[in-house]
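Morning, everyone. Please have the sequence and the model open, and follow along as I go.

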Amino acid sequence: NYDLPTTFPCVKFKATEDNTVVSQISINYECNPTKYVDVVPTYEGDTITSVSETGNRLIVPSGKTIAAKALAAATNLDTLVLQSVQGEENTHFAYYFAGLDNNDGTNGTKVPSSIKHVVVLSGSIPSNYFYSCTNITRVDLIGVTAINQRGLGEMSGLKEVFLGNSL
């Protein structure tokens with residue numbers, strides 16, 4: 001079993017004066033404990049297979065992956081921090097919640113409405129990955145090097161996107 005650390009990284013941004021371009025990014029290991037209650041994952045090897053029903057944030061540790069439907073019980077999950085996006089081209093974000101691995105245009109409806117904020121710390125965003133995830137309002141792409149075709153497509157609720165220096 002994986003022992004969760006007692007502190008979790010919080011991503012902090014420093015934007016230019018007009019708040020449109022991120023000019024500095026840092027990770028701070030002292031989070032505000034009153035804002036988040038962390039979801040407790042269950043592991044099989046390096047894979048998260050399920051999570052607790054309570055909690056509103058999940059930070060996936062480095063080297064860990066998420067199985068199909070592993071986050072289905074996390075109905076209060078608000079924030080998900082991914083070290084990188086896993087999966088092949090056309091794998092959809094809904095895979096973690098509903099086990100879907102392709103995009104038929106409705107996969108975004110399978111993502112719980114509680115999910116508002118997703119942070120991706122590295123890698124690239126595959127085609128159609130967040131396609132039609134209309135409830136997500138903020139995406140932070142810290143060390144992401146590419147956003148493929150429609151990777152953020154049809155996200156009608158999206159209000160904020162933070163781009164790291166890698167893009």
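Let's start with Arg 57. Arg 57 sits in strand β5. One reminder before I go on: this is a predicted model. Is Arg 57 buried or exposed? Its relative accessibility is 5%, and the cut-off for buried is under 20%, so Arg 57 counts as buried.

Which side chain does Arg 57 touch through a polar contact? That is Asp 38, at 2.8 Å. The pair also qualifies as a salt bridge, with 2.8 Å between the closest N and O atoms. Look at where the two partners come from. Asp 38 is in the loop between β2 and β3, while Arg 57 is in strand β5. They are 19 residues apart, and the salt bridge links these distant parts of the chain.

Now zoom out from Arg 57 to its strand. β5 pairs with strand β7, which covers residues 79–82. The two run parallel, and 3 bridges join them. Want one to find on screen? Take Leu 58: its bridge partner in β7 is Leu 80.

That pairing belongs to a sheet. How many strands form this sheet? The count is 5, and the sheet is open. Read the order with me: β5, β7, β8, β10, β12. The pairing is parallel. Now the edges. β5, residues 57–59, stands at one edge, and β12, residues 160–163, stands at the other. Each has a single partner strand, so one side of each is left without a neighbour in the sheet. How are neighbouring strands turned against each other? On average by 5°, direction ignored.

Next, another group of strands. Find β3, residues 41–44, and β4, residues 47–51. They pair in the antiparallel sense, over 4 bridges. One pair to locate is Tyr 43, whose bridge partner in β4 is Ile 48. Together β3 and β4 make a hairpin, with 2 residues between them. Stop at the turn. Gly 45 is there, with a positive phi of about 65°.

β4 has a further pairing. Strand β6, residues 65–66, runs parallel to β4, and 2 bridges connect them. Here Thr 47 stands opposite Thr 65. So β4 is antiparallel to β3, and parallel to β6.

Back to salt bridges. How many does the structure hold? There are 3. We have met Asp 38 with Arg 57. Another joins the side chains of Asp 46 and Lys 64, at 3.1 Å from N to O. Asp 46 is in the loop between β3 and β4, and Lys 64 is in the loop between β5 and β6. The pair therefore ties together parts that are 18 residues apart in sequence. The two ends differ in exposure. Asp 46 is partly exposed, at 45% relative accessibility. Lys 64 is buried, at 16%.

Then there is Arg 138 with Asp 140. Their side chains meet in a salt bridge at 3.0 Å, N to O. Asp 140 is buried, with a relative accessible area of 1%.

Now backbone angles. Most residues other than glycine have a negative phi. Look at two residues that have a positive one. Lys 69 is not a glycine, yet its phi is near 65°. Lys 69 is in the loop between β6 and β7. Asn 128 is not a glycine either, and its phi is about 65°. Asn 128 lies in the loop between β9, residues 123–125, and β10, residues 138–141. Are these two buried or exposed? Lys 69 is exposed, with a relative accessible area of 53%. Asn 128 is buried, at 7%.

Last stop: the surface. Which residues make the nonpolar patch there? Ile 147, Val 161, Leu 163 and Leu 167 do, and the patch is about 300 Å². Leu 167 comes in the segment after β12. With 44% relative accessibility, Leu 167 counts as partly exposed.

To recap, keep three pictures in mind. There is the open sheet, running from β5 to β12. There is the hairpin of β3 and β4. And there is the buried Arg 57, in its salt bridge with Asp 38. Thanks, and over to you.

Terms used:
Residues numbered from 1 in each chain as written. Predicted model: local features only at pLDDT ≥ 70, side-chain atom pairs only at ≥ 80, totals over all residues. Heavy atoms only, no water. Pairing = 2+ DSSP bridges. Axes fitted to C-alpha atoms, helices over the stretch in contact; angles between N-to-C directions. Buried < 20%, exposed > 50% of the residue type's maximum accessible area, 1.4 Å probe, protein only. Polar contact = N/O pair within 3.5 Å; in protein donor to acceptor, adjacent residues only side chain to side chain. Salt bridge = Lys/Arg side-chain N within 4 Å of Asp/Glu carboxyl O. Patch = residues over 30% accessible without salt bridge, like charges linked within 9 Å, V, L, I, M, F, W, Y side chains within 5 Å. Areas by Shrake-Rupley, 256 points an atom, 1.4 Å probe, with all protein chains shown as cover.
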